[in-house]
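Work through the exercises below with the sequence and the predicted model at hand. Try each task before reading its solution.

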Amino acid sequence: QLQLAESGGGLVQPGGSLGLSCVASGGLFRGYAMAWYRQAPGKDRELVATISTGGGSSHYADSVKGRFTISRDNGGFTLYLQMNNLKPEDTAIYYCAAGPNLRQFLWWGRGTQVTVSS
């Protein structure tokens with residue numbers, strides 16, 4: 001059973017940067033497409049970014065394009081999300097997810113809180 005554990009959340013001022021990590025265990029990490037989602041209070045869960053198994057293809061929500069970068073280290077079983085120029089509207093719980101392809105994510109972490117506030 002694949003397990004995912006996020007870390008790196010916290011409080012940051014607008015315009016600041018934060019890096020999230022997601023460590024996978026219990027499965028063959030390089031065989032899974034990966035994604036970051038987020039959910040703000042009172043809002044639906046939103047897809048932030050996806051990355052293919054080999055890391056060669058990534059896609060972003062329009063709201064984060066140019067500010068966030070998704071990457072993965074298959075040898076280290078870790079997924080990353082580098083977030084720059086953060087805005088208050090980026091405040092949410094961020095979740096990493098894994099799946100057999102880029103359209104289906106079946107395994108989820110517990111999330112890490114990101115708060116952007118002055």
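**Exercise 1. Aromatic pairs**

Task: Find how many aromatic pairs the whole structure has, and classify the pair of tyrosine 32 and tryptophan 107.

Solution.
Step 1. A search of the whole predicted model gives four aromatic pairs.
Step 2. A pair of aromatic rings is described by two values, the distance of the centres and the angle of the planes.
Step 3. For tyrosine 32 and tryptophan 107 the ring centres are 5.2 Å apart and the planes stand at 75°. Planes over 60 degrees apart count as edge-to-face, so this pair is edge-to-face.
Step 4. Locate both residues. Tyrosine 32 is in the loop between strand 3 and strand 4, while tryptophan 107 is in strand 10 (residues 107–108). They are 75 residues apart, so the pair links distant parts of the chain.
Step 5. Check the burial of tyrosine 32. Its relative accessibility is 17%, and the limit for buried is under 20%, so tyrosine 32 counts as buried.

**Exercise 2. A second ring pair**

Task: Describe the pair of tyrosine 37 and tryptophan 108, and state whether each residue is buried or partly exposed.

Solution.
Step 1. The rings of tyrosine 37 and tryptophan 108 lie 4.8 Å apart, centre to centre, with 55° between the planes, and the pair is tilted.
Step 2. Tyrosine 37 belongs to strand 4 and tryptophan 108 to strand 10, so the pair ties together parts that are 71 residues apart in sequence.
Step 3. Tyrosine 37 has 14% relative accessibility and therefore counts as buried. Tryptophan 108 has a relative accessible area of 31% and is partly exposed.
Step 4. Look for further links. Ring pairs join Tyr37, Phe105 and Trp108 into a cluster.

**Exercise 3. The open sheet**

Task: Give the strand order of the open sheet of four strands, and name its edge strands.

Solution.
Step 1. The order is 1-3-8-7, and the pairing is antiparallel.
Step 2. Strand 1 (3–7) and strand 7 (68–73) each pair on one side only, which makes them the edge strands.
Step 3. On average, neighbouring strands of this sheet are turned by 15° against each other, direction ignored.
Step 4. Follow the pairing across the sheet. Strand 1 and strand 3 (residues 18–25) run antiparallel and are joined by five bridges; glutamine 3 has serine 25 in strand 3 as its bridge partner.
Step 5. Strand 3 also pairs with strand 8, in the antiparallel sense, over six bridges. Here serine 21 stands opposite tyrosine 80 in strand 8.

**Exercise 4. Threonine 78**

Task: Decide whether threonine 78 is buried or exposed, and list what it touches.

Solution.
Step 1. Threonine 78 is in strand 8.
Step 2. Its relative accessibility is 8%, so threonine 78 counts as buried.
Step 3. Leave out residues up to four places away in sequence. Threonine 78 then touches Ser21, Cys22, Val23, Phe29, Arg72 and Asp73.
Step 4. Take valine 23 from that list. Threonine 78 and valine 23 are 55 residues apart in sequence, yet 4.5 Å apart in space, C-alpha to C-alpha.

**Exercise 5. The disulfide**

Task: Which cysteines form the disulfide, and where do they lie?

Solution.
Step 1. A search of the whole structure finds one disulfide. It is formed by cysteine 22 and cysteine 96, with sulfur atoms 2.0 Å apart.
Step 2. Cysteine 22 lies in strand 3 and cysteine 96 in strand 9 (residues 92–99), so they are distant parts of the chain, 74 residues apart.
Step 3. The link is right-handed, with 45° about the S-S bond.
Step 4. Both cysteine 22 and cysteine 96 are buried.

**Exercise 6. The nonpolar cores**

Task: How many residues has the largest nonpolar core, and which have the most contacts inside it?

Solution.
Step 1. The largest nonpolar core has 29 residues. Trp36, Leu79, Leu81, Met83 and Tyr94 have the most contacts inside it.
Step 2. Several strands each supply at least two residues of this core, including strand 3, strand 8 (78–83) and strand 11 (112–116).
Step 3. Take methionine 83 as an example. Beyond its neighbours within four places in sequence, its contacts include Leu18, Leu20, Phe68, Tyr94 and Val114.
Step 4. A second, separate core has five residues, among them Ala33, Ala35, Ala97 and Phe105.

Conventions:
Residues are numbered from 1 along each chain as its sequence is written. This is a predicted model: local features need pLDDT of at least 70, side-chain atom pairs count only at pLDDT 80 or more; totals for chains, interfaces and linings use all residues. Side-chain values use heavy atoms; hydrogens and water are left out. Two strands pair if DSSP finds at least two bridges between them. Axes are lines fitted to C-alpha atoms, for helices over the stretch in contact, and angles run from 0 to 180 degrees between N-to-C directions. A disulfide is a pair of cysteine sulfur atoms within 2.5 Å. Buried means under 20% relative accessible area, exposed over 50%, partly exposed in between (1.4 Å probe, protein chains only). A nonpolar core is a set of buried Ala, Val, Leu, Ile, Met, Phe, Trp, Tyr and Cys residues joined through side-chain atoms within 4.5 Å. Contact means heavy atoms within 4.5 Å. Rings of Phe, Tyr and Trp (its six-membered ring) pair if their centres lie within 6.5 Å; planes under 30 degrees apart count as stacked, over 60 as edge-to-face and the rest as tilted.
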